[in-house]
Amino acid sequence: MKTQENVNLQATSAIAVQAKAAYRALLISSSVYFLAMLLLGIDRHWSFKTSINDTGAFSQAIWSILNNGVPMVTIGTAEPYHWFGVHFHPWLYLYAPLYKIYPGPEWLILTQSLAIASTSLPIYKTGLRLGYTHWQSFSWVLGFLLNPFVLSAAQWDFHPVTMATPFIAWSLYFLLANDFRRLLSCVLIVLSCQEQFGILTICLGLSYFIINKDIKKSLCLVGLGALYTLILFHYAFPIFSPTGAHVMMSAQNAAANRYHWLGGSLGEIGLHLLTSPLEILKKVFLEMDGFQYIIFLLLPYGLFLPLLAFDILLIGSADFAANVLSLLDLQRSMNSYHSVALIPIVLIAGMRGFQVFLSVVSQSIRKQTAVLAAFVSVLFFSFCLPHLLGQNSFWKLNLIPAKDPKLVELQQRLPAQAVLSAQANIGSHFSQRQALYIFPKNIPQADAVVLRLEDPDGSLRENTIRFGHYMLMQPNDYLTAIQCVLDSGIYRIGYFNPPWLLLLKTTDSATDSQHLLLANHLKSLESRWHSKSDPITDDVCRWSQR
């Protein structure tokens, strides 16, 4: 009897040691991941690779909340617009107190890195709840942190959808634990991050009934998600949007239009999906690379294994539909942030699906499948990781990021109330102001123009794809726009310290040597980029003044 008790005590002690070691590994890996992504993000921002359209727009919306109580943005249009007409992001209000301490996008980078790293904990705890050992649960955590879609989101510009990721993972944990109160708390946070999460809440309610067989709590979640979606798409977006509808469903906004091919409202889209499913499936999976997207989502977690846990996979249907139905190919790319909130759902479905699979196969097949799944995952990650880091242009990563002192000097020179036209890749550094435009739009309305006359990668090397991504224009157009503004006579050189150029509507205080230095610098860019400005005509310059 004592011998059996000793054996049990030893087994319990061994499990405790294993748990402690695995948990320590979890904390270390999550902390290292957080610091690495934070350094990457800060270095990316301080090396001028963040975009005015993303980080800049969010930063301006938060600055507006702090100063005006309303998230107003001017980026991309001539008139200010309410940000909730583009996306429903009440989460942004949480940053206003932080911006009062220090008004800068660095807060966004820090919290995004923290959100992704902290998703490790609910995934680890979910693994334990599903019966995996501590080290097996930790291996699933690595499968999340190293997922290409997750790594891309961690390195991308800030988006509130990323902030929902840990709370979605916690929602799944509380779903499996049948803890409705905590699940509801997480859902309310998720709903503050983006509008499609109303449909996620509906699907979560359906999954709650399938898993926990509680019709009242299930209907509560379904009703909450339906009411949220109805209010947003039938009342909020028509009020806040400059087009009278969600901008991504509006024919009036061709640049942002991603879903108008399905209909001009959520109701029309739903009706189209019901009446023409075969036509839509053909377009999505054969013409829009939807099939490849599914493979990349499922492959790291056993390909078919997540499909065996349909009750979990159902929860991700809203994000999945938003990505596969979009005309924007980037939403299905592993080099973007759009799928980050979907990955915890697919991963936990894989965890649960693997258990279903193990329950119906022999012991020998279990081992073979586990080895094969691990091999495929390692192979997939090994193939993707170098591509991801290269694609996002971390060629000259600084282990200790440093802010350009010239930038600080320029920020101090600009009046806080100045209406500014800024180059796309530097705009987020000047986004704490009432009016900010993307250079070269709205030039006559801007009090000042700020440019950084250099390719963000240091050398174009005839790679116009990355250049176009950063500048939102090609080298020839960029140089032509600069020459148009200089020749227009509207602005004078207010500051030129290569590569920084500030143009002001003031009396020209620049010396002849500065004018010559600027001309030589532009000629140097033409030579190094193998580009040149187009002939200056009224037609060429008119587009820069719209």
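## A walk around the five-stranded sheet

Visitor: What is the strand order in the open sheet of five strands?
Guide: We're looking at a predicted model here. The sheet is open and its pairing is mixed. Reading across, the order is S4-S3-S5-S7-S6.

Visitor: Which strands stand at the edges of that sheet?
Guide: Look for strands with a single partner strand, because one side of each is then left without a neighbour in the sheet. That applies to residues 436-438 and to the strand at the other edge, so the pair you want is S4 and S6.

Visitor: By how many degrees are neighbouring strands of this sheet turned against each other on average?
Guide: Direction is ignored for this one. On average, the turn between neighbouring strands of the sheet comes to 20°.

Visitor: Which strand does S3 join, and do the two run parallel or antiparallel?
Guide: S3 covers residues 420-422 and is joined to S5 by three bridges. Ser421 is a handy place to look, since it stands opposite Val449 in S5. So the partner is S5, and the two run parallel.

Visitor: In what sense do S5 and S7 pair?
Guide: S5 spans residues 448-452, and five bridges connect it with S7. You can find the pairing at Arg452, which stands opposite Trp500 in S7. The sense is antiparallel.

Visitor: How many residues lie between S6 and S7 in their hairpin?
Guide: S6 runs over residues 492-497 and pairs with S7 in the antiparallel sense, over five bridges. Within that pairing, Phe496 has Leu501 as its bridge partner. The number of residues between the two strands of the hairpin is two.

Visitor: Why is S7 largely enclosed by the rest of the structure?
Guide: S7 takes in residues 500-504, and the cut-off for buried is under 20% relative accessible area. Strand S7 counts as largely enclosed because of how many of its five residues are buried: four.

Visitor: Which helix lies across S5, S6 and S7?
Guide: Helix H2 (residues 52-68) packs on the sheet too, but touches S3 and S4, at about 175° to S4. The one you want covers residues 405-413 and runs at about 155° to S6. That is helix H20.

Visitor: How many residues does the largest nonpolar core have?
Guide: Phe430 and Trp500 are among the residues with the most contacts inside that core. Phe430 is in contact with Trp500, and its other contacts include Leu407, Leu414 and Val450. Apart from this core lies another, of 27 residues, including Ile443 and Phe496. The largest has 128 residues.

Visitor: Is Thr165 buried or exposed?
Guide: Thr165 lies in helix H9, residues 165-177. Its contacts beyond four places in sequence include Thr119, Phe144 and Pro344. The C-alpha atoms of Thr165 and Pro344 are 7.4 Å apart, though 179 residues separate them along the chain. Its relative accessibility is 0%, so Thr165 counts as buried.

Visitor: Which cysteine does Ser171 touch?
Guide: Ser171 is also found in helix H9, and at 4% relative accessibility Ser171 counts as buried. Setting aside residues up to four places away in sequence, Ser171 touches Leu183, Val187, Leu204 and Cys186.

Visitor: How many disulfides does a search of the whole structure find?
Guide: Two cysteines are worth a glance first. Cys186 is buried, with a relative accessible area of 8%, whereas Cys220 is partly exposed at 36%. The number of disulfides found in the whole structure is zero.

Notes:
Residues numbered from 1 in each chain as written. Predicted model: local features only at pLDDT ≥ 70, side-chain atom pairs only at ≥ 80, totals over all residues. Heavy atoms only, no water. Buried < 20%, exposed > 50% of the residue type's maximum accessible area, 1.4 Å probe, protein only. Contact = heavy atoms within 4.5 Å. Core = buried A, V, L, I, M, F, W, Y, C linked by side-chain atoms within 4.5 Å. Pairing = 2+ DSSP bridges. Axes fitted to C-alpha atoms, helices over the stretch in contact; angles between N-to-C directions. Disulfide = S-S within 2.5 Å.
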